[in-house]
Amino acid sequence: MIAPTLLSDALDRVIESTDDVVDGLDSEQLTYRPLDRGNSIAWLVWHMARVADDHIGAMAEREQRWTVNGWMSRFNLRLPSTDTGFGHGHREVSKVVAPGPLLLGYLTDVTTATQDYLRTLKAPDYERVVDTAWDPPVTLGVRIVSVVNDMTQHVGQAAYVKGLLDVV
């Protein structure tokens, strides 16, 4: 089946792009917020990993890497364990302070677990409805593509913020 291979490749590209963004940045650069109110690189990377962990974990019916592998305690963000960043305002975004290797470590763990899950799927699995709150209901395949799309957008936003650092 080609779907798991393509999705896995897309996830590998997210990791590579994220590594390119955070490589060599210090804490100040990772937490820089455009106009003092935009999202920082650290928040964007943390958020994309949290959302992927939450969504894929639910579909795979497994515990999130965030709690089961101790990432929550390593990050020590003073946020609820279920927090993925949705609805964050200035105060919450500013709480996400983490070095590049920690951000990449969590993202890599989530991505590896996601790729492992993808290898277990068969063609009919992609048609399974995982969310009836939407019209039409969301299938597993659509949700996975949505997660990859979200991650790609966020790493692009992080790259943009990194580009601003040369101007600041």
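This passage describes the fold, the helix packing and some local backbone features of a predicted model.

The chain contains eight helices and two strands. Read from the N terminus, the order of elements is α-α-α-α-α-α-α-β-β-α, with the two strands, β1 (129-131) and β2 (138-139), joined by a loop that holds Pro-136. The radius of gyration is 16 Å, close to the 15 Å given by the globule rule for 168 residues, so the chain is as compact as a globular protein of that length. The C-alpha trace spans about 50 × 30 × 30 Å along its principal axes. Of the 168 residues, 46% count as buried. The chain exposes about 8,900 Å², and carbon and sulfur atoms supply 53% of that area. Contacts across the sequence also help to describe the fold: among those between residues at least 6 apart in sequence, 70% join residues at least 24 apart.

Helix packing comes next. Two packed helices are described by the angle between their axes and the distance between the axes. Helix α1 (residues 3-22) and helix α7 (residues 100-118) pack at an angle of about 180°, and their axes are 10 Å apart. Since angles over 145 degrees count as roughly antiparallel, α1 and α7 are therefore roughly antiparallel to each other. On the α1 side, the contact is made by Pro-4, Leu-7, Ser-8, Leu-11, Asp-12, Ile-15, Thr-18, Asp-19 and Val-22, while α7 supplies Gly-100, Leu-104, Leu-107, Thr-108, Thr-111, Thr-114, Gln-115 and Leu-118. Sorted by class, this contact of α1 with α7 has eight nonpolar, seven polar and two charged residues.

Leu-118 offers a handy view of this region. This leucine is found in helix α7 and, at 1% relative accessibility, counts as buried. Beyond its neighbours within four places in sequence, Leu-118 is in contact with Pro-4, Leu-7, Ser-8 and Leu-11, and also with Tyr-126 and Ile-144. Leu-118 and Ala-60 are 58 residues apart in sequence, and their C-alpha atoms are 9.2 Å apart in space.

A second helix pair is formed by α3 (residues 41-60) and α8 (residues 140-165), whose axes come within 9 Å and cross at roughly 170°. That angle makes α3 roughly antiparallel to α8. The contact of α3 with α8 has 15 nonpolar, four polar and three charged residues. Gly-141 lies in helix α8 and counts as buried, at 16% relative accessibility. From C-alpha to C-alpha, Gly-141 and Gly-57 are 14 Å apart in space, with their positions 84 residues apart in sequence.

Finally, some backbone features in the loops deserve a look. Most residues other than glycine have a negative phi, and most peptide bonds are trans. Against that background, the peptide bond from Asp-135 to Pro-136 is cis, with omega near 10°. Leu-35, a residue other than glycine, has a positive phi, near 55°. Leu-35 is placed in the loop between α2 (27-30) and α3, where the residue is exposed, with a relative accessible area of 64%. Asn-76 likewise has a positive phi, of about 50°, although it is not a glycine. Asn-76 is found in the loop between α5 (71-75) and α6 (90-95) and counts as exposed, at 57% relative accessibility.

Conventions: Residues are numbered from 1 along each chain as its sequence is written. This is a predicted model: local features need pLDDT of at least 70, side-chain atom pairs count only at pLDDT 80 or more; totals for chains, interfaces and linings use all residues. Side-chain values use heavy atoms; hydrogens and water are left out. Axes are lines fitted to C-alpha atoms, for helices over the stretch in contact, and angles run from 0 to 180 degrees between N-to-C directions. Helices (H or I, at least four residues) and strands (E, at least two) are DSSP runs, numbered from the N terminus. Angles under 35 degrees count as roughly parallel, over 145 as roughly antiparallel, 65 to 115 as roughly perpendicular and the rest as oblique. Ala, Val, Leu, Ile, Met, Phe, Trp, Tyr, Cys and Pro count as nonpolar, Asp, Glu, Lys and Arg as charged, and the others, Gly among them, as polar. The radius of gyration is taken over C-alpha atoms; the globule rule is 2.2 Å times the number of residues to the power 0.38. Buried means under 20% relative accessible area, exposed over 50%, partly exposed in between (1.4 Å probe, protein chains only). Contact means heavy atoms within 4.5 Å. Accessible areas come from the Shrake-Rupley method with a 1.4 Å probe; for residues, only the protein chains shown count as cover.
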